[in-house]
Amino acid sequence: MADAVAERAYEPVIGLEIHVQLKTRTKMFCGCELSFGEDPNTRTCPVCLGHPGTLPVTNAEAVHFALMIGMALECELAPRSIFHRKNYFYPDLPKGYQISQYDVPLASGGRLGEIRIHRVHLEEDAAKLVHAGTSGRIHSAEASVVDFNRGGTPLVEIVTEPDVRSAAQAKEWLELLQATLRRLEVSDVRMEEGSLRCDANVSIRPAGEASLGTKTELKNMNSFRFLERGVNAEITRQEEIVRSGGEVVQETLHYDPATGVLSPLRSKEEAHDYRYLPEPDLVPLAPTEEMLARARAALPELPAGRAERLERELALPPDVAKLLAFRTELGDFYEATVSAGGPEGDPRAIANWVTGELLARLGDADPDPAQSKVEPASLAALVAMVREGAVAHSAAKEVLDTLVAEGGDPREIVESKGLARAGGDELVEVVERAMAAQADAVEKIRAGNDKAMGAIIGAVMRETKGRADGGEVQRLVRERLGDQPG
Amino acid sequence: MSQAVLELSAAQAAAQIRGGELAAEELFRVYRDRAAAEELGAFLWVAEEVPDAPADGPLQGVPVAVKDLFCVGDVPSAAGSRILEGYRPPYTATAVERLLLAGATVLGKTNMDEFAMGSSNENSGFGPVRNPWDETKVPGGSSGGSAAAVAAGLAPWAIGTDTGGSIRQPASLCGIVGMKPTYGAVSRYGMIAFASSLDQAGPLTRDVTDCALLLSHMVGADPCDCTSTGLPEDIRLPVAERLDGLRFGVPPELTGAGVDPGVKVVFDATVERIEQLGGSVEPVALPHAGHAIAAYYVIAPAEASANLARYDGVRFGPRAGHTDLLSLYEETREEGFGTEVKRRIMLGTYALSSGYYEAYYGRAQRVRTKIADDFRAAFERVDLIVTPTSPTVAFGLGERTEDPLAMYLSDALTVPMPLAGLPAISIPTGMSDGLPVGFQIAGPAFSENRILEAAHAIERAVGFDGAPPRG
């Protein structure tokens, strides 16, 4: 029996809670501009500092963004959602309560990809505490200071149903959510900067069972990598507990990415009765038909739909379609290049050039090719020249170097740099010279060692400065060895 | 000269200043000197200088006493609490800002029950206020300082706030006029919050005309307060001398048990006067009004427990306890808040706690809805509802401080209206035991002009000679 427990396969059940900082011009409930690394406490006013007598006023742009998110996640939008006060004492919370939504959220019951969305609501961000001392946590800090610049930044909280079944799936889905939100242009969605934050509720159950096990909540996973690692670590921890006959305790765990250690938050930090109270200072949030129409009109094509369309209409492989769909600017540049290429263009070849050679030349983590000097029409022309054999692949890469650095017309670059494909008598001469110079390589080829062909091709490329086509060189070599052209 | 100035109503003083018969500086100095020298405890702060050029407007140069609950830029504004001692806000409340724009000047800040929690002004963190009619009596609360200042001629008029009766009850106990407008008529921005869904600012004045004039410059929707609506029509200066065609309702629930006989005599006489003026009077039922105090003392403390969480010693006000975060919170709040405030924070915290919310807060909100429904039904039959403002005349200092429930019952007749968001005025209509008795007139939402007209007619007919002995 004990063996059966030890051998049993377990299935993780994971739900995600995501906080997204909206990139509105001003804060959620006051007129302060959002802060991007300004000096501490320079983006504050009596309202976001919680001065006596001040009142919140809901930011219309934040509501607009939240409605767009609700629509993009295929949620049902509440005709009349309510703000609540979530009460707790902490120095990063100037009013002693956070204005959030509780029993009637702005949106609920949606879906993104294979994961169902439980709810989407609006709230305000807390200020930032900085603890002096060794631990970086308030309990053993020598002193703590508060920067209220972040306090009151609009947040959207997105809660999924427990539909995620692995850490890898959690990471992959969060990437889809990030791409979707980025496409909506409602947030910077940078995990390392805190504009996208993810907590995970994790439990395990014997594979195939429908009931849910006791869950734990993981916090502080501030990158995709840490999310995957943290969730995996927690799954392993829970499996070890259950396999050794123990029981998982419901608790909130702090993931330390440096050590990989999961440690429980002190009970004082989590044992809250938030005493939710309908916010008497705000009226219910009832989107008008105009607001809904405006949000609907602002919805662009979303990454999941775009990937599907690129696969279907342009026959791109799934991973390439996903890359182009998830990176809006890259995808836009790609589609502009395809349409510049006209009906003769080869969308798959163009996709390879954009996601391969071009991306590699743009550097930077998430570049926008439209900001570089390459015009979609130039790249389309270059790819066409390669296909027509006017320029060899390797020489074309050199042309692309010039396009990225200086821009221009690829035909003129080929012309002025003498990069037209080497062919005819010129190429025959070079090939024959190379074969003569490398008799041993020729012998190996003759003996059936195809790898030796590389030496000949290399020599030809050196001689022609890359203008030759590798396939053409091979054909000429075999022709000279009396083989059938292949 | 100064005696003649004191006899002027605020509206008369405003007219004289605009007519060039009276200098604004003169008016200000007369009141400033009186306010600075007063011994009732009505003022917590008095302006030292004659303000520079007031705005050109209908109230030009008329000083106003402002309850300490209102934030006034760079002027001490502590809501009567030690926890805000020395706090000078970086901004000014919208209601005050509007008065300044109309030409009024701030004379001083008036004493009050701490965070407006009280009915006698004895809960002030800065000492009690004495009733100018009898200095052994309380002035009522929480706007006790404003009411006493107006009654004693220390200010031409004043503004206060009313959550469960905090304008009307002290106006009644001090023999002056006080009005709580419809919820939303006046912006709450800059009013230090007690119970957000109930708090409303309003005037405390010597007569009904002053009340209308002052209120007319306070009302208006404010983009900084999304619960503010303003009024659908401007406040007019009342002119009525008759009540022909107006139907008055007398609710037995608010005029019977608990009302002192002396108060009842004055009330009945005033009702008779209404009939003489052509108004009709009939009984009207408010079946749930008897539960108003219970509902109020759940809802108001619940909201207060959240509203007062910001007084934590972190950003403003005095701070105590430096060893760790918890001691900072605990000692700052232990030292800063008075007993009644702590009691209500505890009540409110309990009422909102997980597992108790429905039984307390949820049920109180349902009672509140019933009370509003009662009024709605009543106002289908009558135009206005009248009651005594307070069950008793001013009581003795210290008399009820040991018995919170007795103190809470001082508001029994004024609490139902704010629970329903309705406007109501208190005007003095007689004396009992040598102390003034207030008469309350309530109307449907946004019926301020109707209430003011009726109050004006009754005021004229009663001819209340409204001044305590003046020092």
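Colleague: What percentage of the 471 residues in chain B is buried?
Modeller: This is a predicted model. A residue is buried if 20 or more other C-beta atoms lie within 10 Å of its own. In chain B, with its 471 residues, the buried share is 63%.

Colleague: Is B:S119 buried or exposed?
Modeller: B:S119 sits in the loop between β3 (105–110) and α5 (144–151) of chain B. The cut-off for buried is 20 or more C-beta neighbours within 10 Å. B:S119 has 28 inside 10 Å, so B:S119 counts as buried.

Colleague: Which residues are in contact with B:S119, leaving aside neighbours within four places in sequence?
Modeller: Contact here means C-beta atoms within 7 Å. With the neighbours within four places set aside, the contacts of B:S119 are B:G140, B:G141, B:Q169, B:M407, B:S410 and B:D411.

Colleague: What distance separates the C-alpha atoms of B:S119 and B:G144?
Modeller: Along the chain, B:S119 and B:G144 are 25 residues apart. B:G144 belongs to α5 (144–151) of chain B, and B:S119 to the loop between β3 and that helix. Between their C-alpha atoms, the separation is 8.2 Å.

Colleague: Why is chain B as compact as a globular protein of that length?
Modeller: Start with its make-up: chain B has 15 helices and eleven strands. For 471 residues, the globule rule gives 23 Å. Chain B is as compact as a globular protein of that length because its radius of gyration is close to that value, at 21 Å.

Colleague: Which element gives the largest share of the largest nonpolar core?
Modeller: In soluble globular proteins, nonpolar side chains tend to be buried together. The largest nonpolar core here has 160 residues, and B:V64, B:A149 and B:A454 are among those with the most contacts inside it. Ten residues of this core, its largest share, come from α9(B).

Colleague: Which residues does B:A454 touch, not counting those up to four places away in sequence?
Modeller: B:A454 is one of the residues with the most contacts inside the largest core, and B:L384 and B:I441 are also among them. Not counting residues up to four places away, B:A454 touches B:A240, B:L243, B:L246, B:L384 and B:I441.

Colleague: What distance separates the centres of domain 1 and domain 2 of chain B?
Modeller: Domain 1 of chain B covers 2–241 + 449–462, and domain 2 covers 289–366. Where they meet, 20 residues of domain 1 are in contact with 17 residues of domain 2. Taken over C-alpha atoms, the centres of the two domains of chain B are separated by 27 Å.

Colleague: How many nonpolar residues has the side of chain B that touches chain A?
Modeller: Chain B gives 34 residues to the contact, and chain A gives 24. On the side of chain B, α9(B) has the largest share, three residues. By class, that side has six charged, seven polar and 21 nonpolar residues.

Colleague: Which strands of chain A stand at the edges of the open sheet β4-β3-β14?
Modeller: This sheet has three strands with antiparallel pairing, in the order β4-β3-β14. A strand at the edge has a single partner, so one side is left without a neighbour in the sheet. The edge strands of chain A are β4 (97–101) and β14 (277–278).

Colleague: Which residue of β4(A) stands opposite A:R85?
Modeller: Strand β3 (residues 83–87) of chain A pairs with β4(A) over five bridges, in the antiparallel sense. Opposite A:R85, in β4(A), stands A:I99.

Key:
Residues are numbered from 1 along each chain as its sequence is written. Chains are lettered from A and ligands numbered from 1 in the order in which they are written. This is a predicted model: local features need pLDDT of at least 70, side-chain atom pairs count only at pLDDT 80 or more; totals for chains, interfaces and linings use all residues. Two residues are in contact if their C-beta atoms, placed from the backbone, lie within 7 Å. Helices (H or I, at least four residues) and strands (E, at least two) are DSSP runs, numbered from the N terminus. Ala, Val, Leu, Ile, Met, Phe, Trp, Tyr, Cys and Pro count as nonpolar, Asp, Glu, Lys and Arg as charged, and the others, Gly among them, as polar. Domain bounds come from an automatic or database domain assignment. Two strands pair if DSSP finds at least two bridges between them. The radius of gyration is taken over C-alpha atoms; the globule rule is 2.2 Å times the number of residues to the power 0.38. A residue is buried if 20 or more other C-beta atoms lie within 10 Å of its own, exposed if 12 or fewer, and partly exposed in between; C-beta atoms are placed from the backbone. A nonpolar core is a set of buried Ala, Val, Leu, Ile, Met, Phe, Trp, Tyr and Cys residues joined through C-beta atoms within 7 Å.
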